[in-house]
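Colleague: Hi, I'm new to this one. Please put the model up and walk me through it.

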Amino acid sequence: MPVPTALDGLPRPPCAELLGWEVVEARPADGWIRIRFEARPEFVNPAGHIQGGFLAAMLDDTMGPAMFIYAEGRMFTPTIELHVSYLAPARPGPLYGEGQVVQAGKSIAFLEGRLMDLSGTVVAKATATARLVPSNKALAA
């Protein structure tokens with residue numbers, strides 16, 4: 001069971017529902033998180049592999065939460081820039097993302113992520129730059 005994080009009080013948005021997003025493990029003080037996703041058969045391309053845009057979304061939805069828990073929920077992280085390297089084909093089924101805060105300043109954060117299949121094969125890696133926006137402004141209803 002994961003440790004309590006700032007994510008616990010937030011409802012899961014539709015994009016997280018679509019991707020089967022679930023926190024597996026977290027170390028908020030380290031800015032690290034592990035997320036489980038469900039790569040659905042509907043996500044495959046004509047070759048039978050998960051289409052890269054879904055993998056990019058999973059990585060984005062891993063790295064942002066790493067910063068969110070690191071900031072104890074005080075900062076939301078709109079992505080400014082995302083670079084993805086696709087390393088191996090991903091098939092339908094569980095995928096695991098690990099996100100890490102590399103550096104966080106007052107208004108910008110640098111993040112890294114990787115996405116693995118059940119065998120531990122890294123299927124994609126990413127780096128991102130995110131803007132730090134106070135959560136009370138970004139998440140206002």
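Modeller: Let's begin with Glu72, which is found in the loop between helix H2 (52–70) and strand E3 (75–76). Helices (H or I, at least four residues) and strands (E, at least two) are DSSP runs, numbered from the N terminus. This is a predicted model, in which local features need pLDDT of at least 70 and side-chain atom pairs count only at pLDDT 80 or more, while totals for chains, interfaces and linings use all residues. Residues are numbered from 1 along each chain as its sequence is written, and side-chain values use heavy atoms, leaving out hydrogens and water.

Colleague: What is the phi of Glu72 like?

Modeller: Its phi is positive, about 55°, although Glu72 is not a glycine.

Colleague: And is Glu72 buried or exposed?

Modeller: Glu72 counts as exposed because its relative accessible area is 54%. The cut-offs are under 20% for buried and over 50% for exposed, with partly exposed in between (1.4 Å probe, protein chains only).

Colleague: Switching to the sheet: what is the order of its strands?

Modeller: The order is E1-E2-E5-E6-E7-E4, an open sheet of six strands with antiparallel pairing. E1 and E4 (79–86) are the edge strands, each pairing on one side only. From one strand to the next, the twist averages 20°. Two strands pair if DSSP finds at least two bridges between them. For angles, axes are lines fitted to C-alpha atoms (for helices, over the stretch in contact), and the values run from 0 to 180 degrees between N-to-C directions.

Colleague: How many bridges do E1 and E2 share?

Modeller: Five, between E1 (residues 22–27) and E2 (residues 32–39). The two form a hairpin with four residues between them, and Gly31 in the turn has a positive phi of about 65°. Arg27 stands opposite Trp32 in E2. At the E4 edge, seven bridges join E4 to E7, with Thr79 opposite Ala130.

Colleague: Where does H2 sit on all this?

Modeller: H2 lies across E1, E2, E4, E5 (93–104), E6 (108–116) and E7, running at about 45° to E5.

Colleague: Which elements feed the largest nonpolar core, and which gives the most?

Modeller: That core has 35 residues, and Ile33, Met58, Leu111 and Leu115 have the most contacts inside it. H1 (14–19), E1, E2, H2, E5, E6 and E7 give two or more residues, and H2 gives the most, with nine. Here a nonpolar core is a set of buried Ala, Val, Leu, Ile, Met, Phe, Trp, Tyr and Cys residues joined through side-chain atoms within 4.5 Å. In soluble globular proteins, nonpolar side chains tend to be buried together.

Colleague: What does Leu115 touch?

Modeller: Leaving aside neighbours within four places in sequence, its contacts include Phe37, Leu55, Met58, Leu59 and Val123. Contact means heavy atoms within 4.5 Å.

Colleague: Now Ser135: buried or exposed?

Modeller: Ser135 counts as buried because its relative accessibility is 9%. It lies in helix H3 (residues 135–138), and among the residues it touches are Phe68, Met75 and Phe76.

Colleague: Last one: which residues lie nearest the centre of the largest pocket?

Modeller: Leu7, Pro13, Asp61, Pro65 and Phe76, out of 24 that line it. The largest share of the lining, six residues, comes from H2. On a 1 Å grid over the protein atoms alone, a pocket is an open set of points where a 1.4 Å probe fits, with protein on both sides within 12 Å along at least five of seven lines; lining residues have an atom within 4 Å of a point.
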